[in-house]
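Biologist: Please take one part of this structure, examine it closely, and then set it beside the other local features that can be described with confidence in residue-level detail.

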Amino acid sequence: MVNKRDYYEVLGVVRDADEDTLKKAYRKLAMQYHPDRNVGDAEAEAKFREASEAYDVLRDSQKRQLYDRYGHAGLEGAGLPNFGNADSVMDMFGDILGDLFGGGRRRGPRSGRDLQMTLEIDLLEAARGVQKEVKVPRMEPCATCGGNGAQPGTKPTSCRRCGGHGVVIQGQGFFRIQQTCSACGGQGAVIADPCRACRGQGAVEVERTLTVNIPRGVDNDVSIRLTGEGEAGERGATPGDLYCVLRIRRHPIFARHGQDLHCEVPVTISQAALGRPIEVPTLDGEFVAQTLKHGTQSGDEVRIAGKGMPALRGGRTGDLVVHVRVVTPRKLTKRQEELFQELEEIDGTEMPPEHKSFFERIREFFAPESSADKS
Ligand SMILES: [Zn+2]
Ligand SMILES: [Zn+2]
């Protein structure tokens with residue numbers, strides 16, 4: 001048997017605590033550790049279940065007597081509830097916890113689902129921030145019946161099988177089992193004359209137009225939450241949230257790497273060799289002048305500070321990284337031809353150091369075998 005903590009210790013009460021004290025202590029713990037308030041926290045869920053089990057035993061005088069006399073061993077075969085999840089606890093203690101978590105019924109109306117949608121924006125919009133309108137088809141409370149699912153003029157009636165509790169108890173003594181009522185599906189109410197507009201569901205599909213405020217600096221997969229804009233809850237329960245997950249459209253000129261923007265700028269051989277100013281495009285459509293270094297090579301990078309993407313939550317703006325591409329002219333005018341020929345003659349005597357060392361390395365690599373073959 002797993003080492004279980006003492007039930008009184010779990011609830012933090014004295015051994016002769018009365019029913020009211022137990023209930024108060026349990027409500028406090030349930031409030032603190034309820035899975036709805038600790039989503040994804042396994043430890044909190046375990047504590048929630050532990051407290052629920054302790055309360056289940058101590059509030060039942062027969063089980064409490066057995067436990068007081070024999071400890072945990074005394075309860076073997078006594079039909080401890082199996083709290084597999086929060087719902088099963090709510091089934092059992094909904095009457096005590098219900099008002100803590102909305103709705104007083106054992107299994108209250110379900111709250112609305114969260115919705116998720118993808119929203120595509122331009123890189124410029126991501127840089128500046130933008131307001132977007134989105135159309136969201138979602139379930140909303142039916143206006144005809146006010147969301148209760150009954151045809152106007154009629155009302156849902158309390159389920160006769162479960163007496164409105166939503167659960168039925170089968171068996172006796174220790175061996176009671178609670179089950180969701182099959183007649184009302186756990187709702188506690190039945191609708192004799194369903195609303196025609198929503199077919200008794202209490203909700204209808206509506207397409208809503210919503211405005212999404214997108215802050216500057218967003219990137220792919222950033223998700224923007226619109227609280228309460230998801231699906232309506234069942235019969236007036238809390239609605240879900242809407243999450244807009246952002247996709248940034250590919251830009252024809254700029255590529256984004258984190259906060260930096262990269263672009264390729266073609267320059268002429270003379271601009272690169274002489275180190276001339278060039279015009280660099282920026283994301284907002286303006287051009288900035290940037291002077292190249294003397295003897296710039298194709299593929300060299302020039303960094304322009306502060307012309308990249310703004311940071312989403314403050315911080316430094318990225319840079320614009322210019323990738324220089326030296327373009328060899330494809331068609332030469334007569335004059336250009338002459339000048340290049342002149343250049344060619346000079347290149348023969350004024351070889352740049354890279355060329356020299358390149359040819360030297362080649363000679364070293366092939367010599368002496370290849371030179372021997374050739375001669
Ligand atoms: Zn309706
Ligand atoms: Zn029922």
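**A helix contact and two metal sites**

Modeller: The axes of helix 3 (residues 42–58) and helix 4 (residues 61–70) come within 6 Å of each other and cross at roughly 100°. This is a predicted model, and the values below are to be read accordingly. Angles of 65 to 115 degrees count as roughly perpendicular, and helix 3 and helix 4 therefore stand roughly perpendicular to each other. On the side of helix 3, the contact is made by Asp56, Val57 and Leu58, which meet Lys63, Arg64 and Tyr67 of helix 4. By character, the residues of this contact of helix 3 with helix 4 comprise three nonpolar and three charged, with no polar residue.

The setting of this contact is a chain of 375 residues, of which buried residues make up 36%. The secondary structure comes to 10 helices and 15 strands. Among the contacts in the chain with a separation of 6 or more, 62% join residues 24 or more positions apart.

Two zinc sites complete the description. The zinc ion (ligand 1) has as its protein donors the SG atoms of Cys142, Cys145, Cys195 and Cys198, which lie 2.3 Å from the ion. The angles among these four donor atoms run from 103 to 115°, and the site of ligand 1 is tetrahedral. Along the chain, the donors of ligand 1 follow the spacing C-x2-C-x49-C-x2-C. Cys142 is found in the loop between strand 2 (130–141) and strand 3 (157–158), whereas Cys195 belongs to the loop between strand 6 (189–190) and strand 7 (203–214), so this pair ties together parts that are 53 residues apart in sequence. Both Cys142 and Cys195 are buried.

The zinc ion (ligand 2) is coordinated at 2.3 Å by the SG atoms of Cys159, Cys162, Cys181 and Cys184. Because the four donor atoms around ligand 2 subtend angles of 102 to 117°, the arrangement is tetrahedral. The donor residues of ligand 2 are spaced C-x2-C-x18-C-x2-C in sequence. Residues under 20% relative accessible area count as buried. Cys181, with a relative accessible area of 1%, is therefore buried, and Cys184, at 9% relative accessibility, also counts as buried.

Key. Residues numbered from 1 in each chain as written. Chains lettered and ligands numbered in written order. Predicted model: local features only at pLDDT ≥ 70, side-chain atom pairs only at ≥ 80, totals over all residues. Heavy atoms only, no water. Axes fitted to C-alpha atoms, helices over the stretch in contact; angles between N-to-C directions. Helix = DSSP H or I, 4+ residues; strand = E, 2+ residues; numbered from the N terminus. Parallel < 35°, antiparallel > 145°, perpendicular 65-115°, else oblique. Contact = heavy atoms within 4.5 Å. Nonpolar A, V, L, I, M, F, W, Y, C, P; charged D, E, K, R; others polar. Donors = N, O, S within 2.8 Å, 3.2 Å for Na, K, Ca; no water. Tetrahedral: all angles 85-135°; square planar, octahedral: opposite > 155°, others 65-115°. Buried < 20%, exposed > 50% of the residue type's maximum accessible area, 1.4 Å probe, protein only.
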